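Subject: Structure handover

Hello,

Here is the structure I promised to pass on to you. Please open it alongside this email, and have the sequence to hand as you read.

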Amino acid sequence: MPAKATSGVQFPADPSGSRSTGTLAKQVVADALATVDPSAAERVHRIKDWRKGYIEPFTELVAAGVHDAGNWDGVARAALDSLQSRMVGAHDVDGETVETTMADYLAVVAATSTPGTETITGTAEPERTLSIPYRGENLSGAALSDLLDRWVADGVVEPSCAAALRLVQDNPDWLSLPGRAMLVLGLGSEMGPARQLLRWGADVMGVDLPSSPAWERFRSGADQFAGRLHIPTDADGRPGINLLTELPELAAWARAAAPAPLTVGSYFYADGGTHVQLSSAADALVVDLLSDSTATALAYLATPMDTFVVPADVREASDAALADRKAIDVKKIVGALTRGRLFHRNYAAGRGPAVHDALVPQQGPNYTLAKRVQRWRATTAFADGHTVSVNVAPATDTYSVTKNKILASTYKGAGAFGIEIFEPDTSSAMLAALMVHDLNVGRPEVDVQWQHESSGAASGGLWRQPYLPRTALPVAALLGTVKR
């Protein structure tokens, strides 16, 4: 008999009691691929070393929807159905531990109590203009517009990203999110929008672990904020709640304490399989809160180190950059000598939209699955008529990245390939403003859902540079190691 989980969100157990993250991921990916290519699904089951073999099937999931809206939507729905029908929530029933699939968990398991609420009210005046910190300066007005021009010219952000930010510049009354409240899952995230939203005067509901240092940071920073921060508290008034073990209580608190219709934003991070567990829990929560309109919008950040479909003009810009290389180019020679293992072209030769594959083994399959869950839910929520903000974020020098020595070195050397690595404060402010744009304007009408992801993207230069990222970034890592 499989071992019972103690409590909270867990991976499914096999007959031996093992709870394998790799097995779960392979099953989810295979189930999703089976909707578009049964033979590809069979290949997934035959992969022996999942950590080395996960990149190709995750890329196939994206490639299947380049020209087919039905495939894009079908893959997302099949993947989510597979994940949430396999992941389980363990809970107590009359002294026995029972496991319920995450698809049914919040319908079956009631909260034991509703957390209290502490409200921290900011004392500053709300910021009335959009400003973005950049290399030691806060840029607004013409200076910010000049930076956006430079980013577009260098391929750091897409033109649609700059256009969205300029529209927020022209409509500063949007910044405080009037008529909305923001439920931030992962209050302490370096990339999250909470600090910016509070400066702009918004209502924020912050979720993080009881042990998080974020509570004291936000309490002591009230003189910098104009908005209100609502935080869950236990019976003794201590802040914090665990998304994995107190999910029913979190849902109850969101309903009881929401000062306005909620936008639920997912900004959490954890190492290894815990990240997948968090994504499963958050996905169950957003489905539950959308069901009765407690939540009316969702917000996600997509990592640039993933696979996306890019528009034809992006492919053309990358091809032009490749053609612009000198006839005698060390990178071309090295690429030829290594048979494409280094300096392989970014996109296959051709015209029209293309698949951009920035997956790198160092990120690992758990991180990729956790982030795909969010993109899949964004896809289905769009299709079901909900408001969704999903923006491709630039590579950012956060602690969670730089604690990995290989990734830290890669980021240090990335500038040699025209890739700009952002500081966390810059990314956070820019992405918060993009979310404000999306919630006020809505996303554009599209033919295929991947166009939602490409609209407003800020890849940091990954999309338009000439080389497939994982065939250039090893050299960037070497250069970065020398710099470090």
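Below is what was found in it, going from helix packing to sheets and then to cavities and pockets.

Please keep in mind that this is a predicted model.

**A helix pair near the start of the chain**

Let me begin with α1 (residues 21–34) and α5 (residues 69–86). Their axes come within 8 Å and cross at roughly 145 degrees. The crossing of α1 past α5 is right-handed. On the α1 side, the residues in contact are Leu 24, Gln 27, Val 28, Asp 31 and Ala 32. They meet Val 75, Ala 78, Ala 79, Ser 82, Leu 83 and Arg 86 of α5. Sorted by class, this contact is made of seven nonpolar, two polar and two charged residues.

**The three-stranded sheet**

One open sheet has three strands, ordered β1-β2-β3, with antiparallel pairing. β1 (8–10) and β3 (96–101) are at the edges with a single partner strand each, so one side of each has no neighbour in the sheet. On average, and ignoring direction, neighbouring strands here are turned by 35 degrees against each other. Three bridges link β1 with β2 (residues 88–93) in the antiparallel sense. If you want a spot to click on, Gly 8 has Ala 90 in β2 as its bridge partner.

**The seven-stranded sheet**

There is also an open sheet of seven strands, in the order β4-β9-β8-β7-β10-β11-β14, and its pairing is mixed. β4 (116–121) and β14 (387–392) are the edge strands, each pairing on one side only. The average turn between neighbouring strands of this sheet is 20 degrees, direction ignored. β4 and β9 (residues 228–233) run antiparallel and are joined by six bridges. Within that pairing, Thr 117 has Pro 232 of β9 as its bridge partner.

Two helices deserve a look here. Helix α12 (residues 273–291) lies across β7 (181–185), β10 (262–266) and β11 (295–302), and runs at about 155 degrees to β11. Helix α18 (residues 424–441) packs on the sheet as well, touching β7, β10, β11 and β14. The direction of α18 makes about 150 degrees with that of β14.

**Cavities**

You may want this part for your own calculations. The structure holds five cavities of 30 Å³ or more, and the largest of them contains about 100 Å³ of space. Which residues line the largest cavity? They are Leu 61, Val 62, Trp 72, Val 75, Ala 76, Arg 372, Arg 375, Trp 376, Thr 379 and Glu 453. The elements giving two or more residues to this lining are α4 (55–63), α5 and α15 (365–383). α15 gives the most, with four residues. By class, the lining of the largest cavity divides into six nonpolar, one polar and three charged residues. Val 75 links two parts of this email: it lines the largest cavity and also belongs to the α5 side of the contact with α1.

**The second largest pocket**

Finally, the second largest pocket has about 340 Å³ of space. Of its 25 lining residues, those closest to the centre are Thr 112, Ser 113, Thr 245, Glu 246 and Glu 249. β2 and α11 (247–257) each supply at least two lining residues, and the largest share, three residues, comes from β2. The classes in this lining are ten nonpolar, ten polar and five charged residues.

Happy exploring, and best wishes!

Note on methods:
Residues are numbered from 1 along each chain as its sequence is written. This is a predicted model: local features need pLDDT of at least 70, side-chain atom pairs count only at pLDDT 80 or more; totals for chains, interfaces and linings use all residues. Side-chain values use heavy atoms; hydrogens and water are left out. Axes are lines fitted to C-alpha atoms, for helices over the stretch in contact, and angles run from 0 to 180 degrees between N-to-C directions. A crossing is left-handed if the near helix is turned anticlockwise from the far one by less than a right angle, and right-handed if clockwise. Contact means heavy atoms within 4.5 Å. Ala, Val, Leu, Ile, Met, Phe, Trp, Tyr, Cys and Pro count as nonpolar, Asp, Glu, Lys and Arg as charged, and the others, Gly among them, as polar. Two strands pair if DSSP finds at least two bridges between them. On a 1 Å grid over the protein atoms alone, a cavity is a set of points where a 1.4 Å probe fits but cannot get out, and a pocket is an open set with protein on both sides within 12 Å along at least five of seven lines; lining residues have an atom within 4 Å of a point. Grid points are joined across faces, edges and corners, and a volume is the space filled by probe spheres set on the points.
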